[in-house]
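Student: Here is the model I asked about. Can you take me through its terms and test each label against its cut-offs?

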Amino acid sequence: MEAMKRTSDCGSLGKKDEGRIVILNGWVHRKRNHGKIFFINLRDRYGITQVTVDTEKEPLLGDICGELRNEYVLAAEGKITLRPGDMVNPSMETGEIELTASKIVILNKSEVLPFQVEEESKANEELRLKYRYLDLRSAAMQKTIKRRSEVTFAVREWMTSNGFYEIETPTFIKSTPEGARDYLVPSRLYPGKFYALPQSPQLYKQILMVGGFDKYFQIARCYRDEDSRGDRQPEFTQIDIEMSFVSRDDVLSVTEGMMSHVFKKILNIELPAKFNRLSWEEAMDNYGSDKPDLRFGMKLQKIENYINESAFQAFKDAIAQGGTVKALVVEGKADYSRKQIEELEAHAKIYKAKGMAWMKVTKDGIEGGASKFFADNAGEILGGVGAKSGDLVLMIADANKNIANTALGAVRSKLGKDLGLCDPRKFEFVWIVDFPMFEYNEEEKRWEAAHHLFTWPQEKYHDTMESDPGSVKGDLYDLVLNGYELASGSIRIHDPQMQKRVFKIAGIDPQQAEKKFGFLTEAFKYGAPPHGGIAPGLDRLVMIMAGLTSLKDVIAFPKNSFAVSPMDDCPSEVDQKQLDELGIKILPRLS
């Protein structure tokens, strides 16, 4: 093998290399038999080079070429020659040359493939995950994993050049079950005790600030034992950032600088120096979502002022109960069929809407759906919402304003995708700020932290926190990109007394707080600086930059939608001996 070690890769050869004797190593991507001449596309991480074998000139290579199949691993030696003008392949980086082989060695063989390795795999997801090592050979996966590496390096480059230390926090930590369930790791040395895998490095990065490190970041692995939903992964990676002696604007500015560096370096895209900002209330009111996609307009509009003049009693009832009526104008879609509108209504009902009214705008006024209720003030309402001939108007009313906003916002999001308004080459960042600090848990009849328990309440609410928790805004902020929550962060509590007040509002008594978070609150007693941070999701950032829609396509070895790895069949059973050493007995699962 040493004599056939590669001297070049399969992606860098060109006209400049004519006449060179080189050795290539790689996989057989395609083989074509033209009688006495074989054409072999040899592939490695760097690209593809065509290897040509003339069996009249090299008769000993005929039997080897006849044996070759896709994904055999080869070493090929020969001279670089220019292709004839009519055989140049402009779609290949190496399309102007070929290697005329004088020697070929089969380094390894491949069995019949479960699916073909192509530019982009056409196999179903479960098969791709079972044979992930084959899927990773595709050009699409090679490109995406390369981009992930480049993004990660660009993040490290910017953070370290701006004075941040990269510090690793523990993987085995104390279980503090707030939010998602922890993954637990039993201790053999201490039977009955468990480590937890971190859902995030939250407490440790705050302790680093108490430790005086001032600026910290980490490419952090995080773990959450959640029920299967959406495109989430049980293990994921975030860009974890924390800073001391900062305000919200400082954290936002650092994040904007990092994102600008990454997008310029990787995609050569100039981002604005400052991203747009919306309060949580503005986002919900105008877009029906706290992660609005701003690549298209189509804002939600209040139309309560036009309802009293209408004959729509259901709408009037919703307003009388303290609710709202919201409208959405879909430009040029008065030609939507009843079936298409019913599909939108069914989507709204997923988000607890009782129904969705509609009407079409024509050159003569309005028609269809709820138009009969607005016969007396059609011109007024159409002028108010800016609807013109050819538009479709959708309306949702509810006594609960959040339901009306969220349901119509979900319809807006669906329309954005259905109408092709979500250009994957466009990147629209927006900060969502001024989130509610607390939310009421109806089932448990108590207040709880809307994000986490360590968020600093905005100063103007300090005197009324206990008397009116629902009105308190936290110093919280989310970074949203193209309708995805890309990052979440906050200014943290650094004052032990304020921390006790927040614990008390959330129904956590001092004994519970000490048991769960005692090491953090103890650290705060010794001069904790004001601090804050943020944690952009690396997987999601790469996914959006690559124009993809699944996190599985940007992670080398993801789990499927059921948190299972088909490739290595984990989670799996373990030997009884291992369980005995840990003092663990497997019981039947409770229903």
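Tutor: Start with pairing: two strands pair if DSSP finds at least two bridges between them. Strands (E, at least two residues) and helices (H or I, at least four) are DSSP runs, numbered from the N terminus. The model is predicted: local features need pLDDT of at least 70, side-chain atom pairs count only at pLDDT 80 or more, and totals for chains, interfaces and linings use all residues. Residues are numbered from 1 along each chain as its sequence is written, and side-chain values use heavy atoms, with hydrogens and water left out.

Student: How do you know that S4 and S5 are paired?

Tutor: Count the bridges. Ten join strand S4 (residues 73-82) to S5, and the two run antiparallel. The cut-off is at least two, so they pair. One residue-level example: Thr81 has Glu98 in S5 as its bridge partner.

Student: What makes S3 and S5 a pair?

Tutor: Two bridges join strand S3 (residues 47-54) to strand S5 (residues 97-108), so the cut-off is just met. Here the strands run parallel. Thr52 finds its bridge partner in S5 at Thr100.

Student: Which strands does S1 pair with, and in what sense?

Tutor: S1 is joined to S4 by seven bridges, antiparallel. Leu24 has Ala76 in S4 as its bridge partner. S1 also pairs with strand S2 (residues 37-44), again antiparallel, over seven bridges. There Arg32 is bridged to Phe39. The S1 and S2 hairpin has two residues between the strands, and Gly35 takes a positive phi near 75°.

Student: Is His29 buried or exposed, and how do you know?

Tutor: Buried means under 20% relative accessible area, exposed over 50%, partly exposed in between (1.4 Å probe, protein chains only). His29 has 9%, so it is buried. His29 lies in strand S1 (residues 21-34).

Student: What is His29 in contact with, beyond its neighbours within four places in sequence?

Tutor: Contact means heavy atoms within 4.5 Å. On that test His29 touches Asn41, Arg43, Ile48, Asn70 and Val117. Asn70 is 41 residues away in sequence, yet the C-alpha to C-alpha distance from His29 is 5.6 Å.

Student: What makes a set of residues a nonpolar core?

Tutor: Members are buried Ala, Val, Leu, Ile, Met, Phe, Trp, Tyr and Cys residues joined through side-chain atoms within 4.5 Å. The largest core here has 64 residues, and Val151, Met259, Phe263, Phe429 and Leu453 touch the most other members. Helix H6 (residues 248-267) gives the most to this core, eight residues. Another core lies apart from it, with 23 residues, including Val325, Val393, Met395 and Ala397.

Student: How many aromatic pairs are there?

Tutor: The structure holds 15. Rings of Phe, Tyr and Trp (its six-membered ring) pair if their centres lie within 6.5 Å; planes under 30 degrees apart count as stacked, over 60 as edge-to-face and the rest as tilted.

Student: Why is the pair of Phe275 and Phe429 called stacked?

Tutor: The centres are 4.5 Å apart and the planes make 15°, so both cut-offs are met. Phe275 lies in the loop between H6 and strand S11 (276-279), Phe429 in strand S17 (residues 429-433), so the pair ties together parts 154 residues apart in sequence. Phe275, at 5% relative accessibility, counts as buried. Phe429 is buried too, at 4%.

Student: What makes Phe454 and Phe517 edge-to-face?

Tutor: The planes stand at 85°, over 60, with centres 5.2 Å apart, so the label holds. Phe454 sits in the loop between strand S19 (446-449) and strand S20 (476-481), and Phe517 in helix H13 (residues 510-524), so this pair links parts 63 residues apart in sequence.

Student: How do you know that the charged end of Arg412 sits over the ring of Phe296?

Tutor: NZ of Lys or CZ of Arg must be within 6 Å of the ring centre and within 35 degrees of the ring normal. Arg412 sits over the Phe296 ring at 4.1 Å from its centre. Lys130 lies over the face of Tyr131, at 5.7 Å from the ring centre.

Student: Why are S6 and S11 placed at the edges of their sheet?

Tutor: The open, mixed sheet of eight strands has the order S6-S9-S10-S22-S21-S20-S17-S11. Strand S6 (165-166) and S11 each have a single partner strand, so one side of each has no neighbour in the sheet.
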